[in-house]
Amino acid sequence: MNIRQRLLGEASGSHSLDRRQFIKRVGGGGGAFVLGCAVAPLIIAGTNPLVNGDDSALVFNAFLKITPENQVIVVIKHLDKGQGVTTGLATIVAEELDADWSQVGWEFAPADGAKYNNIFWGNSQGTGGSTSIANSWQQLRNAGASARQMMVNAAAKKWGVNSSSIQVSNGVVSAGENRATFGGLVALAAQQPVPAAPTLKSTKAFNLIGKHVSRKDSYIKTTGKAIFTQDIQLDGLLTALVKYPPKMGGRAKKFDASKAKAIEGVIDVVQIPRGIAVVATGFWAAKKARDILTVDWDLSACETRSSEELYTSMEIQAATKGHVIGERGDANAAIVALGKGEKIVEASYRVPFLAHATMEPMNCVVRVGDASCELWFGSQMPTTDQQQVAAYLGLPPEKVTINTLFAGGSFGRRASPGDYVIDAAAIAQAFKGKPVKMVWTREDDMNAGKFRPGAVHKLKAKVSREGVLAWQQHSVAPSIFRGTDFEFFIKGAVDPTVTEGIADMPYKMPHFLLHGSEFTTPLTHLWWRSVGHSGNAFIVESFIDQLARAAEQDPLNFRRSLLQNEPRWLGVLNLAAEKSGWGKPMPVGRAQGIAVHKAMGSWVAQVAEVELDAERNVVVKKVYCAVDCGIAVNPDVIRAQMEGSIGFALGQVLGEQITFKDGYVEQQNFNRYKPIRISQMPDVEVHIVASQEPPTGVGEPGVPPLAPAVANAVFAITGKPVTTLPINV
């Protein structure tokens with residue numbers, strides 16, 4: 001019985017492979033060959049989903065497993081939430097191994113910070129910050145190259161030839177007339193010493209990296225075989241919905257469950273720390289019961305202001321001095337002393353609060369035993385979730401098993417400690433021994449979620465035809481990290497996400513002063529795809545266009561003049577401009593806008609062609625995108641990430657925003673919170689800068705430049721700068 005059968009309840013029966021059985025199977029010479037990144041294999045038993053449901057190889061090591069059936073299985077330590085790591089990470093291993101792409105499969109890694117940590121994060125396993133490829137690059141190259149060398153050594157021993165005479169190509173090891181598959185050599189290869197310093201390929205020898213390869217998740221996703229949390233149907237599974245307070249931070253004082261419990265199928269109604277959970281035999285019974293559940297809430301600690309009141313408060317704060325985040329020269333003095341041909345430009349910008357609005361809302365399946373706990377969900381931070389669930393239940397972390405599944409989007413939402421996963425564990429604790437699937441509706445997601453912070457920025461600059469002479473900026477926004485488990489990210493007086501992407505802007509100017517301030521509100525916030533860059537790029541790049549106009553300069557040439565010593569910035573800027581035909585004649589009512597930004601280690605420039613329709617709606621006709629992310633491991637995946645980022649970012653430009661009335665969220669579903677519709681998606685061209693630099697991230701850097709590129713095009717059409725999102729012309 002394979003993992004799909006077990007999770008979908010298609011069959012029943014015992015299934016396990018303990019350590020003794022595994023060692024016997026592998027040690028007997030007929031089992032899988034497993035390999036870590038740089039050290040001798042450490043073998044542990046596990047129950048993990050294999051690509052073909054082959055239980056005979058249910059064993060794990062660090063990153064690579066080769067079965068006697070000639071399967072190459074790459075262990076993926078990151079969550080695949082649509083960004084394509086099951087293809088990208090597998091490509092790196094297959095390249096160095098010289099495997100045939102058709103024999104390569106994958107499986108998700110278990111929660112284990114010692115072996116599967118994100119090396120940029122310390123001893124923590126997690127997916128985020130567009131780090132999956134970058135932090136795995138060297139690890140997986142070493143794993144693949146080591147295995148290749150061990151295969152070669154095994155073949156040399158078997159055939160009695162010198163290893164230098166052996167070739168490996170498309171999964172076949174050969175020397176003269178001798179030929180063998182990886183599967184045929186696996187038993188002997190497993191006995192070879194692991195190379196201490198494996199020889200890596202030169203980039204010129206790459207056969208898979210930089211080329212088109214089919215995605216490893218397309219087939220199972222398009223045929224419904226991929227397993228998401230909602231697919232799981234374990235024996236005796238219960239379904240739970242939670243009635244959360246109508247405002248963030250509210251608490252239940254008392255509740256009346258008498259009518260709710262009378263609904264057929266309802267098992268019980270229980271209180272958890274953040275709300276009241278209705279547990280039933282199915283979703284609709286739980287939904288009906290939750291709808292009639294009456295709760296007396298304590299909302300005394302909740303936000304009471306409207307959106308306009310929140311922004312006004314932030315503007316008052318932005319008009320004062322904040323904490324100095326970045327400074328060079330003397331911007332205050334430079335702006336006071338106005339010379340001939342110099343102009344002062346001032347502006348105030350707003351960016352909205354935003355929801356993550358993942359296509360698959362939050363959910364989690366949990367089964368709590370007497371001394372253990374097992375979870376099934378798309379975990380973005382497995383070791384953190386493991387530790388927090390263990391602490392909540394009073395268990396050792398090793399007694400908490402996390403089965404990572406696909407996730408239907410995240411955009412940062414599934415990396416939220418102490419949140420919905422703890423709610424699910426709290427419910428399951430009340431039904432020990434029974435699996436419980438906690439499901440959030442879209443309304444739960446909008447109302448009980450965590451938002452991208454709204455922000456206000458005040459700017460003032462002095463400019464002439466020579467360029468930017470002085471720049472002052474005060475950024476005010478709620479903190480993402482303050483008061484959370486991630487507060488250690490705050491090294492100074494202000495959460496760095498408030499000024500992210502501003503303090504290190506590359507534009508050459510002699511005087512620069514950046515202030516930052518955290519805005520206090522009971523609302524809860526979380527990183528949203530590209531975090532602080534998502535809004536800050538809009539402000540910086542839109543203001544640059546204002547300065548270019550004041551300096552009577554073309555926006556592209558103005559940027560070029562300020563980036564003379566920044567070759568990678570200029571590289572994407574010039575490529576996007578070239579491909580878009582920047583400056584070409586445009587029909588009346590249509591214009592181009594340009595923006596460039598660096599986020600998560602990658603540079604992206606975009607040119608948006610925009611027009612206003614008869615009702616003065618903003619219509620984005622086409623976007624030209626240039627990206628420099630180092631070596632392009634999977635060009636098709638990179639293009640897909642840029643296209644997805646552009647569509648995602650366009651939502652906040654055209655309609656997405658969370659607003660508040662008396663502290664209550666006004667959007668509950670997609671009828672009022674409006675990601676772009678498919679008819680609004682522009683044509684997109686993506687161009688990748690050729691590079692020999694190590695790869696960097698692509699999941700988020702495509703988001704920040706889109707809003708300013710569109711806003712600058714609207715500015716060019718109307719002559720009025722866009723200072724607020726979504727754009728309302």
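**Figure 1. The surroundings of L523 in the predicted model.** L523 lies in the loop between β23 (511-518) and α15 (533-550). The structure shown here and in the other figures is a predicted model. Is L523 buried or exposed? L523 counts as buried, because its relative accessibility of 8% falls under the 20% limit for that class. Leaving out residues up to four places away in sequence, L523 touches M248, E303, L310, F353 and F660. A further residue to find in this view is G249, which is 274 residues from L523 in sequence. In space, the C-alpha atoms of L523 and G249 are 7.5 Å apart.

**Figure 2. The surroundings of A551, in the loop that follows α15.** A551 belongs to the loop between α15 and α16 (555-562). With a relative accessible area of 1%, A551 is buried. Which residues are in contact with A551, once its neighbours within four places in sequence are left aside? They are V463, S464, R465 and F558. G341 is 210 residues away from A551 along the sequence. From C-alpha to C-alpha, A551 and G341 are separated by 8.9 Å in space.

**Figure 3. V637 in helix α18.** V637 is part of helix α18, which covers residues 635-654. Its relative accessibility is 9%, and V637 therefore counts as buried. When residues up to four places away in sequence are not counted, V637 touches Q83 and R215. How far apart in space are the C-alpha atoms of V637 and G593? The distance is 26 Å, for two residues that are 44 residues apart in sequence.

**Figure 4. Helix α13 and its buried residues.** Helix α13 runs over residues 420-429 and is mostly covered. Of its 10 residues, nine are buried. The buried residues of α13 are Y420, V421, I422, D423, A424, A425, A426, I427 and A428.

**Figure 5. Two loop residues with positive phi.** Two residues are shown here, each in a loop of its own. D98 is found in the loop between α3 (85-97) and β6 (104-108). The phi angle of D98 is positive, about 65°, although D98 is not a glycine. D98 has a relative accessible area of 9% and is buried. R616 is found in the loop between β25 (602-612) and β26 (618-628). R616 is not a glycine either, and has a positive phi of about 60°. Is R616 buried or exposed? R616 is partly exposed, because its relative accessible area of 46% lies between the limits of 20% and 50%.

**Figure 6. The cis peptide bond at P726.** Which peptide bond is cis, with omega near -5°? The bond in question runs from L725 to P726. P726 is placed in the segment after α19, a helix of residues 706-718.

**Figure 7. The stretches of low confidence.** The mean pLDDT of the chain is 91, and 92% of its residues reach 70 or more. Over residues 1-30 the pLDDT is below 50. Beyond near neighbours in sequence, the stretch 1-30 has 54 contacts in the model. Residues 36-60 also have a pLDDT below 50. For the stretch 36-60, the model has 76 contacts beyond near neighbours in sequence. Where pLDDT is low, the predicted coordinates should not be read in detail.

**Figure 8. The whole chain, for orientation.** The chain contains 19 helices and 29 strands. Its C-alpha atoms fill a box of roughly 85 × 75 × 45 Å along the principal axes. A compact globule of 729 residues would have a radius of gyration near 27 Å, and the 28 Å of the chain agrees with this. Of the 729 residues in the chain, 58% are buried. Among contacts with a separation of 6 or more, 75% are between residues 24 or more positions apart. The chain exposes about 28400 Å², and carbon and sulfur atoms supply 50% of this area. The chain has 74 positive and 67 negative charges, and the mean positions of the two groups are 1 Å apart.

Methods: Residues numbered from 1 in each chain as written. Predicted model: local features only at pLDDT ≥ 70, side-chain atom pairs only at ≥ 80, totals over all residues. Heavy atoms only, no water. Helix = DSSP H or I, 4+ residues; strand = E, 2+ residues; numbered from the N terminus. Rg over C-alpha atoms; globule rule 2.2 N^0.38 Å. Buried < 20%, exposed > 50% of the residue type's maximum accessible area, 1.4 Å probe, protein only. Contact = heavy atoms within 4.5 Å. Areas by Shrake-Rupley, 256 points an atom, 1.4 Å probe, with all protein chains shown as cover. Lys, Arg positive; Asp, Glu negative; His and termini not counted. Charge placed at Lys NZ, Arg CZ, Asp CG, Glu CD. pLDDT = per-residue confidence, 0-100.
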